[in-house]
Every structure is written in structure tokens, then in C-alpha cells.
Number of protein chains: 2
Amino acid sequence: VNYGVLGTGTVGQTLSAKLDELGHDVMIGTRDVEQTLARTGPDRLGNPPFSAWHEQHPGVKPGSFAETAAHGEIVINATNGQATLSVLEAAGADNLNGKILIDVANPLVFSQGKMTLSVCNDDSLAEQIQRAHPKARVVKTLNTMTARVMVNPAMLAEDHVVFVSGNDAEAKASVTALLKDGFGWKSVVDLGDITTARGVEMFLPLWVQLMGVMGTPLFNLKIVQR
Amino acid sequence: VNYGVLGTGTVGQTLSAKLDELGHDVMIGTRDVEQTLARTGPDRLGNPPFSAWHEQHPGVKPGSFAETAAHGEIVINATNGQATLSVLEAAGADNLNGKILIDVANPLVFSQGKMTLSVCNDDSLAEQIQRAHPKARVVKTLNTMTARVMVNPAMLAEDHVVFVSGNDAEAKASVTALLKDGFGWKSVVDLGDITTARGVEMFLPLWVQLMGVMGTPLFNLKIVQR
């Protein structure tokens with residue numbers, strides 16, 4: 001399967017590298033390919049420049065947002081939640097129509113040391129995406145854990161859970177197969193239609209607090225029953 | 001310790017019964033004691049009337065909100081989140097000053113089959129309570145699981161987690177002792193000050209979705225690490 005991964009940050013890099021490793025044909029999308037490749041210093045989070053990552057993953061082709069969306073039979077939104085809608089507009093509705101669009105982003109806003117969501121409660125980023133691109137088959141997933149855990153759930157000591165939300169049952173089944181057979185997830189919980197993305201996006205404030213308390217992002221949730 | 005439990009619904013009944021069983025002197029508060037005791041039919045959720053519960057728990061004294069808050073050395077808010085601020089006003093600031101006020105409520109609004117929160121993102125019910133009663137020592141806890149699990153965590157198959165949030169370290173330590181020694185919790189995670197109540201309250205939409213998917217409220221979260 002050809003994948004188009006929108007976003008060259010840690011999440012986009014981690015998902016692209018894993019999909020490449022699985023043998024897929026992967027393009028990774030950025031607003032300005034030349035500018036992204038030309039950066040030599042670390043980004044504002046202290047990560048190495050994209051070019052250093054790209055040298056280690058030559059199989060993943062960089063492209064514009066539109067080229068990347070056109071390349072992908074399945075498209076992944078791994079952009080900053082505040083940029084998502086403009087990135088998808090640049091990607092082009094025609095390049096998304098009928099395709100599975102996996103949304104892993106969160107609408108986080110950091111301001112003066114506090115984190116809030118730019119949309120929540122009676123709406124969600126995933127619903128905004130679905131409304132803006134009604135012919136895309138949006139599946140929200142993987143937004144409730146850090147990138148390394150997304151593609152390597154077995155790194156944690158016990159089984160733990162990932163959620164999927166979306167209106168298209170067939171699209172959710174395809175994404176569930178990728179999560180299980182590709183990434184190694186054992187517990188994939190289908191929460192329901194795209195409005196259930198509200199719940200997983202509103203979980204982020206608690207996730208960020210837990211990361212602070214535990215001093216690591218390498219954790220996830222397990223649901224315990226009787 | 002004398003406890004005052006505000007709210008005669010399932011949560012108030014369950015917490016009162018457990019505290020009574022533990023040997024504490026417990027009063028349970030309602031707006032109109034005579035009217036609450038006079039009800040003979042089931043409530044709108046189909047639960048038996050308060051009087052039936054009270055016959056089985058004669059050690060728990062019913063009282064007005066003000067009497068209950070005055071009685072409690074520790075006061076518990078187990079009211080509907082939409083009623084909480086008016087209940088605490090009726091309880092009386094003087095009856096809350098200096099006391100630990102355990103807030104287990106959630107600001108849930110159900111309308112046309114959809115659930116939202118009446119406050120979230122940059123504020124929370126617990127913060128509203130703390131602002132309205134600055135001399136009370138508010139501790140948010142136990143709002144992330146169903147009542148039966150609150151007082152009997154051992155009923156689930158594995159260890160799982162409960163959170164505490166609050167500005168007063170001593171108050172959180174007292175509440176943590178009640179959770180561990182009284183109710184049997186093994187994992188109590190201190191998230192930080194009262195603003196961290198935003199995260200646990202914003203978890204509720206996901207909790208409600210999970211209850212729907214699993215067909216039972218008898219579950220809780222475990223944090224899995226490496």
C-alpha cells in the first residue's frame with residue numbers, strides 16, 4: 001500500500017519509518033520540501049534536523065503536502081493540530097476524496113506554560129477534518145500515546161489499549177488491521193462514530209499530567225475489568 | 001472522623017454506607033429531608049427510593065445540606081455537578097471553612113442523547129468550588145470510576161489507579177490515607193494542584209464511551225509502563 005504521511009515532526013517521522021520498514025511505499029509531506037531539507041540546526045524541541053533523519057531513512061520520499069496526499073492510497077495526518085486544517089487544504093480535497101485519512105493529531109495549544117485544546121466538548125479536530133473533507137474516510141486513532149509506543153506497543157510491560165473512531169466501518173477495519181498486523185497492537189477498541197473522537201482528544205490533558213508525574217512519555221492505558 | 005456526605009444519589013449512598021461500615025459517624029445531606037424520606041417510588045434512574053436505602057443503613061443520619069456540612073469534619077461533594085455550587089452555598093461557607101472538601105462530582109450535562117461538560121478546558125468544577133469556597137481545602141478524587149469501584153477497588157481483576165488533585169498537600173495526604181487504608185486503593189496518583197482536576201473531569205466523555213462499548217461500568221484504568 002502507498003502511504004502519504006503529512007507532517008515531518010517526531011510523529012510523522014516515526015510512523016513513516018515504521019511503514020517503510022514494513023515494506024510500504026511512503027512519502028512524507030511538508031509545506032516546502034527544499035526549505036525542510038535545508039535546515040541544519042535542531043528544531044525548537046531540540047530534535048535533529050529533518051535532513052539527518054532523512055539520511056537514515058532514504059526510502060521515505062519527501063514531497064509537498066499535495067504530492068504526498070496524491071501519493072498515498074492511505075493518508076495520515078501527523079501534523080500539529082493547529083496547522084491541520086490548512087495543511088489538508090494545501091493537500092487538496094481531490095487528493096483525499098475516497099481515501100482513508102488516519103488522523104493522529106491533537107488540537108493542543110500551549111500558552112504561558114498551560115495547555116488547552118482549541119476545540120473540545122461539543123466538537124473535535126477529527127470532526128472538523130471530516131466536515132472539511134466529507135468524501136475522505138476519517139479514522140481517529142493513535143492520538144493517546146507517544147510516537148514510540150504507537151509503532152511498538154510491545155515495548156511496554158503489559159497489554160494496553162488503542163482506540164479507533166470513525167463513520168466508515170470498512171475504513172476502521174483497514175486501520176485496525178494495520179494497527180494489529182503492522183504495528184503489533186493486541187487491543188484495538190472501536191469507540192463508534194467520529195464524534196467519539198471528542199473523548200480521546202479530551203483525554204490529552206490527563207495524559208500530559210501523567211507524563212509529568214511519571215517523568216516519561218513511555219506509558220499507556222490498560223482497561224481493567226472484573 | 002465525622003463525615004458529611006452531600007447528595008443522596010447512588011454515589012452519596014455508596015460512600016456513606018462504606019464510611020459507616022468503617023466506623024465513622026456519617027450524615028448524608030439533602031435539600032429537604034422530609035421530602036427525601038417521604039418518596040416511595042423509584043427515582044428517575046429506576047433506583048429504589050432513599051427511604052429503602054436508609055432502612056438498610058440506619059447508622060447514617062439524614063440532614064439538611066447545612067446540618068450535614070456542619071456535622072462533617074470532612075465533607076464530601078457527591079451531588080450532581082450541575083447542582084454542586086448551589087448545594088455548597090446552601091451548605092454554608094462557615095460550615096466548610098478550613099475543612100477538607102472531597103469533590104467526587106462531574107459537570108456532566110445530558111441533552112438529546114448527547115453528553116457534554118458544563119465547564120472544561122481552561123477551568124473545572126473543582127476549581128469553581130475552590131474559588132467559591134477559598135477557605136475549604138478542596139481535593140478532587142474518585143470522579144473517574146463508578147461508585148461500586150470507588151469503595152471496593154479490589155472487585156476488579158488487577159490493580160488500577162485513582163487520582164487526587166488539590167492545592168493543600170496535607171489535605172491530599174489525608175484523602176490518600178482514606179483511599180488506601182479505608183477503601184483499599186493501592187495506586188493513588190497525585191496529579192498536582194487543583195487545576196489538574198481539568199484532566200480528570202475531561203476524561204469523563206471517554207469513560208462514558210467505554211462504558212457503552214463494554215456494556216458495564218465496572219472497569220477502571222491501569223497505567224502500563226516499560
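1. In this predicted model, strand 11 of chain A, which spans residues 220–224, pairs with strand 11 of chain B in the antiparallel sense, and the pairing runs over five bridges. Within this arrangement, Ile223(A) stands opposite Leu221(B), a residue of strand 11 of chain B. On the side of chain B, strand 11 (residues 220–224) is mostly covered, since five of its five residues are buried.

2. As for how the two copies are arranged, chain B can be laid on chain A by a turn of 180° with a shift of 0.0 Å along the axis, and the RMSD is then 0.0 Å. The two copies are therefore related as by a two-fold rotation axis. The same surface serves both copies, given that 100% of the contact residues of chain B recur in chain A.

3. The largest nonpolar core has 72 residues, and those with the most contacts inside it are Phe163, Leu206 and Leu210 of chain A together with Phe163(B), Leu206(B) and Leu210(B). Leu210(B) may be followed further: leaving aside its neighbours within four places in sequence, Leu210(B) is in contact with Phe163(A), Val189(A), Leu191(A) and Ile223(A), and also with Phe219(B). Ile223(A) is thus named twice in this note, because it stands opposite Leu221(B) in the strand pairing and is also in contact with Leu210(B).

4. A last point concerns Glu21(B), whose place is in helix 1 of chain B, covering residues 10–21. Glu21(B) counts as exposed because its relative accessible area is 62%, where exposed means over 50%. Although Glu21(B) and Gly182(B) are 161 residues apart along the chain, their C-alpha atoms are separated by 9.9 Å.

Notes
Residues numbered from 1 in each chain as written. Chains lettered and ligands numbered in written order. Predicted model: local features only at pLDDT ≥ 70, side-chain atom pairs only at ≥ 80, totals over all residues. Heavy atoms only, no water. Helix = DSSP H or I, 4+ residues; strand = E, 2+ residues; numbered from the N terminus. Buried < 20%, exposed > 50% of the residue type's maximum accessible area, 1.4 Å probe, protein only. Least-squares fit on C-alpha atoms with pLDDT ≥ 70 in both. Contact = heavy atoms within 4.5 Å. Core = buried A, V, L, I, M, F, W, Y, C linked by side-chain atoms within 4.5 Å. Pairing = 2+ DSSP bridges.
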